[in-house]
Amino acid sequence: MIHKKGFIAFLVISIASVLLLLFDLFLYDALIYFNSPGAKVAMGLFIYFVLFIYAITAIIVLIHIAVNIKIIKLFAIAHCTTITLTVLFFTYLPFTETYHQLYFAIEKNHLNETIQLYEEGALSQIGIDKYIVPYRLTSHTGKVYFFQDEQSINALFTIYKGFHKSSNILYSSGCDAPTVDNNYFGLCRCDTLNINKIDEHWYTITTTY
């Protein structure tokens, strides 16, 4: 027999996790169209508020598990698994090479089409080097940065932007791997940069700031 309180708690944490993931996926869309300093500050505060609410929800559920562990053993496993996977997604998974490889394999065609659209002058420009991506899932922030010199065209897609790290996919039309320093694409706040080649002209960069 299904324990009613255990099921309700599992439903609550599952819905909270899904809402948190959806919020994380689309939170940068608002900043594309409301790009003022005030909007950025408000969004930053709102992000912390959402994370605080999720943390409180998770703590309440964990307390419920501890109090009722003897009668909701199966739900306890489900609760802990849901919370653990959610936390891992935000703190670990997007920064692994496995995630980079999988992401690139899924979005490779869209990434190449974005480069082609840039060369044709068909992208919507919102800054000196910033453009709105035509395929939303190619960038966590909804933007792509382009830099063009005499030797190559370079593009930076942020596939996940965390609080202290960012996972990026870099395109460079040159024959050699690009030399990336802390000023590359405005990455002046970065302390470390790790670059790995995943395909011809394509690289992954994990930045820590």
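Biologist: In what order do the elements of the chain run from the N terminus on?

Modeller: They run α-α-α-α-β-β-β-β-β-β-β. That makes four helices and seven strands. Keep in mind that this is a predicted model.

Biologist: What is the mean pLDDT of the chain, then?

Modeller: The mean is 80. Of the residues, 82% reach 70 or more.

Biologist: Which elements have the lowest and the highest mean pLDDT?

Modeller: Helix α1, residues 4–33, has the lowest, at 74. Helix α4 has the highest, at 94. As a general caution, where pLDDT is low, the predicted coordinates should not be read in detail.

Biologist: Let's stay with α4. How far apart are its end C-alpha atoms?

Modeller: Only 29 Å, for 23 residues. A straight helix at 1.5 Å a residue would reach 33 Å.

Biologist: Where does α4 bend?

Modeller: At Glu107, by about 65°. Glu107 is also among the buried residues of α4.

Biologist: Which others in α4 are buried?

Modeller: Tyr99, His100, Tyr103, Phe104, Leu111, Thr114, Ile115 and Tyr118.

Biologist: And Ile106, in helix α4: buried or exposed?

Modeller: Exposed, because its relative accessibility is 60%, and the cut-off for exposed is over 50%. The C-alpha atom of Ile106 is 9.8 Å from that of Leu137. Those two residues are 31 apart along the chain.

Biologist: What follows α4?

Modeller: Gly121, with a positive phi near 70°.

Biologist: Which residue other than glycine has a positive phi, near 75°?

Modeller: His201. You'll find His201 in the loop between β6 (192–199) and β7 (202–208).

Biologist: How does His201 count for exposure?

Modeller: Partly exposed, because its relative accessibility is 23%. That falls between the cut-offs, under 20% for buried and over 50% for exposed.

Biologist: Now the inside. Which residues touch the most other members of the largest nonpolar core?

Modeller: Ile115, Val144, Phe146, Ala155, Phe157, Ile169 and Trp202. The core has 19 residues.

Biologist: Which elements give two or more residues to this core?

Modeller: Helix α4 (97–119), plus strands β3 (143–148), β4 (153–161) and β5 (165–172). Helix α4 gives the most, with six residues.

Biologist: What does the second core include?

Modeller: Ala16, Leu27, Val61 and Phe90 are included. This second core is separate and has 18 residues.

Biologist: Is there a general rule behind cores, and what is it?

Modeller: In soluble globular proteins, nonpolar side chains tend to be buried together.

Biologist: Back to Ala155. Which strand is it found in?

Modeller: Strand β4. Ala155 counts as buried because its relative accessibility is 0%.

Biologist: How far is Ala155 from Tyr171 in space?

Modeller: 5.0 Å, C-alpha to C-alpha. In sequence, Ala155 and Tyr171 are 16 residues apart.

Biologist: Whole chain now. What share of the residues is buried?

Modeller: Buried residues make up 42% of the 209.

Biologist: What does the accessible surface come to?

Modeller: About 12200 Å². Carbon and sulfur atoms account for 65% of that.

Biologist: Last one. Of the contacts with a separation of 6 or more, what share is between residues 24 or more positions apart?

Modeller: Those residues account for 54% of such contacts in the chain.

Notes
Residues numbered from 1 in each chain as written. Heavy atoms only, no water. Core = buried A, V, L, I, M, F, W, Y, C linked by side-chain atoms within 4.5 Å. Buried < 20%, exposed > 50% of the residue type's maximum accessible area, 1.4 Å probe, protein only. Contact = heavy atoms within 4.5 Å. Areas by Shrake-Rupley, 256 points an atom, 1.4 Å probe, with all protein chains shown as cover. pLDDT = per-residue confidence, 0-100. Expected span 1.5 Å × (residues − 1). Bend = angle between axes of the 7 residues up to and from the residue.
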